[in-house]
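Here is a friendly walk through one protein model, a few residues at a time. Have a look at the structure first, then read on.

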Amino acid sequence: MSSARHSLMQIGQHCAESDCNQLDFLPFKCRECNKNYCPLHRFPDKHHCILKETKILGLDTNIGKQECALESCKTVDILLSQCRVCLKTYCLSHRHPPDHGCETKTVSKPKIEQKQIKQKKPLTPQVQLMKLKLSAQGDQGIPSQHRAYFLLMSSPEKQEKLFFDQRWTVGRLVDYLAKKYGILNTNNAQDLEKLGLYKHENGQRLPFSEHIESCFKSKLVNNGGILILLKSASDKIDTAEYEPNVV
């Protein structure tokens, strides 16, 4: 029994780490110091290894290994992480800025150039008339060749696409619209304020006695134009608050 045990003792090797000296039958030999170690102390950083200053193909055996930049930590490892703030390399335990006392810097974001908002170009009278013809409402008994199309704004918030008989006078059209919208019309009375139709482009009131077709011929207003229905004592109004939308 003692002889067999002695033979087994000769097969195994004791761990070279002085604090261990464990007998191991499959010891690991350190490639740096060529000594045998148990599994617990097999890596150079786990035992007091005397590193050889040899060169392999002209390269240091420690190539790729770096030391943690934190003064209180001297971890040497290949897996180090670079801090995005101070650009120094740290071990995995100290890789985050708060872990190594790094002062966080405000990263300036590139300014995003604001795209210039292109203002919509006003529609040509021909295109505007074409759009109104697609959805305007009116008396279907009016022959198509006598129809006058308008985008009518009875308030800054309210607009309507309508068509009328261009053989009417402007006064007759005003009377019709007053009845349609339930507006008190005192144009025949001695009242300074008159309910009238104003051209959106320049705020000019259309003459009551003028026929609509005559207004077209004299260019006072275009067929397919924008009119504002308003009661005012002035022949001209400010149309800035009226924003029509012809779609």
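What follows covers a lysine, a cavity, a glycine and two loop residues.

This is a predicted model, in which local features need pLDDT of at least 70, side-chain atom pairs count only at pLDDT 80 or more, and totals for chains, interfaces and linings use all residues. Residues are numbered from 1 along each chain as its sequence is written, and side-chain values use heavy atoms, with hydrogens and water left out.

Let's start with Lys161, which sits in strand 13 (residues 159-165). Strands (E, at least two residues) and helices (H or I, at least four) are DSSP runs, numbered from the N terminus. Lys161 is buried but has no salt bridge. Buried here means under 20% relative accessible area, exposed means over 50%, and partly exposed is in between (1.4 Å probe, protein chains only). A salt bridge needs a side-chain nitrogen of Lys or Arg within 4 Å of a carboxyl oxygen of Asp or Glu. For Lys161, the nearest side chain of opposite charge belongs to Glu160, 11 Å away. What Lys161 does have is a polar contact, side chain to side chain, with Ser135 at 3.4 Å. (That term means a pair of N or O atoms within 3.5 Å; within protein, one must be able to donate a hydrogen and the other to accept it, and residues adjacent in sequence count only if both atoms are side-chain atoms.)

Now for the cavity. Searching the whole structure turns up 1 cavity of 30 Å³ or more. The largest cavity holds about 30 Å³ of space. A cavity is a set of points on a 1 Å grid over the protein atoms alone where a 1.4 Å probe fits but cannot get out; lining residues have an atom within 4 Å of a point. Its lining consists of Phe150, Val170, Leu173, Leu197, Leu206, Ile212, Cys215 and Leu227. Helix 3 (170-181) and helix 4 (212-217) are the elements that give two or more residues to this lining. By type, the lining has 8 nonpolar residues, no polar and no charged.

Gly225 lies in strand 15 (residues 225-232). Gly225 counts as buried because its relative accessibility is 5%. Its C-alpha atom is 7.9 Å from that of Lys199, 26 residues apart along the chain.

Finally, here are two residues other than glycine with a positive phi.

| Residue | Phi | Loop between | Relative accessibility |
|---|---|---|---|
| Asn21 | near 55° | strand 1 (13-14) and strand 2 (23-24) | 45%, partly exposed |
| Leu87 | near 65° | strand 9 (81-82) and strand 10 (89-90) | 54%, exposed |

Key: Lys and Arg count as positive and Asp and Glu as negative; His and the chain ends are not counted. On a 1 Å grid over the protein atoms alone, a cavity is a set of points where a 1.4 Å probe fits but cannot get out, and a pocket is an open set with protein on both sides within 12 Å along at least five of seven lines; lining residues have an atom within 4 Å of a point. Grid points are joined across faces, edges and corners, and a volume is the space filled by probe spheres set on the points. Ala, Val, Leu, Ile, Met, Phe, Trp, Tyr, Cys and Pro count as nonpolar, Asp, Glu, Lys and Arg as charged, and the others, Gly among them, as polar.
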